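Please walk through the structure below, starting from one side chain and its surroundings. The model is a predicted one.

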Amino acid sequence: MDEETTLEAAPNVPLDRRRRLGNWLPEGEAQLAAFRAELVAQALSRPSKTPSVTAVRALANLIDGEPALRMHLARAIDEAKERGYELGYQDSAELLLAIDHVVTCAPRFSEKALVVCPLNALLDWPMCMPSGYALFRDRRFNDALEAVLNGWSAFLSGPHSRAYLNTREPDGWFSPEATRRIGMEQFLCDPSQPYWGFTSWNDFFTRRFRAGMRPVAGEEDNKLIVSACEAAPYNISHDARDEDAFWIKAQPYSLRDIFGPGKTHLAELFSGGSVYQAFLSAYNYHRWHAPVAGTIVDTFHVDGTYYSCVESEGADPEGLNDSQGYSAAMAARAVITIACDDPAVGTVGCVFIGMAEVSSCMVDVTPGQHVCKGEELGYFQYGGSTYCMFFQPGVVDAFVVQPPFSHDTPPVRVNAALARAREQR
């Protein structure tokens, strides 16, 4: 068995041989354990020993008032500790205080142990314990989590979220090392202005490229399909099925589950077709662009889970990353379908999936609107994310990128050539 297979398949691979995708969390478990310990210590040092944020208090009350949820969370924490993971907190009360602390802050930069997703860091092990699988799929629990995340998103969209939008080392996002990693020279900003001109953390997170940085490949070539996001390839699949067991190891794409209730016509439309999936890094551009020229047919959101991962991957520090196929059918997501100007290309389905933290899926287009290839469709607010593109049967002649994909596969740039459609016969 080669190393890549081992990383994906064996739940007992030593921690020092496992890696997390996308730079959202540090690769080293010791670094993450130290971050959790520091974060929990900060939370416990506050005068109040109960959550101060309304949505976190509601989550705490839900857990306290629902015996099954309280049992699942307590057991998930105990299971993680029994396996030797250093969580930083002893029980659910300390975890909730840590969550309460996190959602009143903006993420900071770190040269040594960057933790862009602190909630993911706190939940990293309980969510992939046997009891955690049930907890993180529970609708009541996810509804309460959604309220917490929406409140955090509101804070991150306001001026008080700019604490780390400065040039100070080691935690400022405009410090020399941070700007180097981000490639800040590519983005619209004004270093002469306070906070470089950004109005909030989310404004910084969804920063735009300067003109000309991501030219659209083959603007006049309707057969050339471009990348909708700046994202590293994760999977290419053919002959997608209307319905499949998306929770098994292979995580096949189950179209009826991905598009959700009342959208069976989309499952039927893409049945037998091709799927391309890619994930976004912490340093990537987080806006979505039209992969083809055409008319927006439909836009809608599908309610889903937050931080839920699949048992078939085993207890894994990559957490949500190894569950990306599963997340396409389970996580909160936005769907946009485009009727291409070239009838031979047909309809393309774009599914934008929030994987961790807020990951709000913000749609900028409306049905009936015509978009040019490369035109903006929407964006992810702060958080880890992945996306899928769906093609009808027989449309794609070849993808520019080909599996197998590894941890080190570079991202396909937004608006870069991704696939070519077949010539009409």
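Begin at Phe204. Once neighbours within four places in sequence are set aside, Phe204 is in contact with Leu165, Trp173, Phe174, Ile182, Met184 and Phe198. Phe204 also belongs to the largest nonpolar core, which has 72 residues. The members of this core that touch the most other members are Leu119, Leu122, Trp173, Phe204 and Tyr307. The element that gives the most to this core is helix 8, spanning residues 139-156, with 7 residues. There is also a second core of 37 residues, separate from this one, and Ala290, Ile338, Phe399 and Leu418 are among its members.

Next, consider the strands. Strand 10 covers residues 376-380, and 5 of its 5 residues are buried. Strand 10 pairs with strand 4 (residues 287-289) in the antiparallel sense, over 3 bridges. Within that strand pair, Trp288 has Gly378 of strand 10 as its bridge partner. Strand 8 (residues 361-363) also runs antiparallel to strand 10, and 3 bridges join the two. Here Met362 has Tyr379 of strand 10 as its bridge partner.

The last stop is Ala328, located in helix 13, which spans residues 324-330. Is Ala328 buried or exposed? Its relative accessibility is 0%, and the cut-off for buried is under 20%, so Ala328 counts as buried. Apart from neighbours within four places in sequence, Ala328 is in contact with Tyr253, Ile258, Arg333, Ile353 and Cys388. Tyr387 lies 59 residues from Ala328 along the chain, yet the C-alpha atoms of these two residues are separated by 7.9 Å.

Notes
Residues are numbered from 1 along each chain as its sequence is written. This is a predicted model: local features need pLDDT of at least 70, side-chain atom pairs count only at pLDDT 80 or more; totals for chains, interfaces and linings use all residues. Side-chain values use heavy atoms; hydrogens and water are left out. A nonpolar core is a set of buried Ala, Val, Leu, Ile, Met, Phe, Trp, Tyr and Cys residues joined through side-chain atoms within 4.5 Å. Buried means under 20% relative accessible area, exposed over 50%, partly exposed in between (1.4 Å probe, protein chains only). Helices (H or I, at least four residues) and strands (E, at least two) are DSSP runs, numbered from the N terminus. Contact means heavy atoms within 4.5 Å. Two strands pair if DSSP finds at least two bridges between them.
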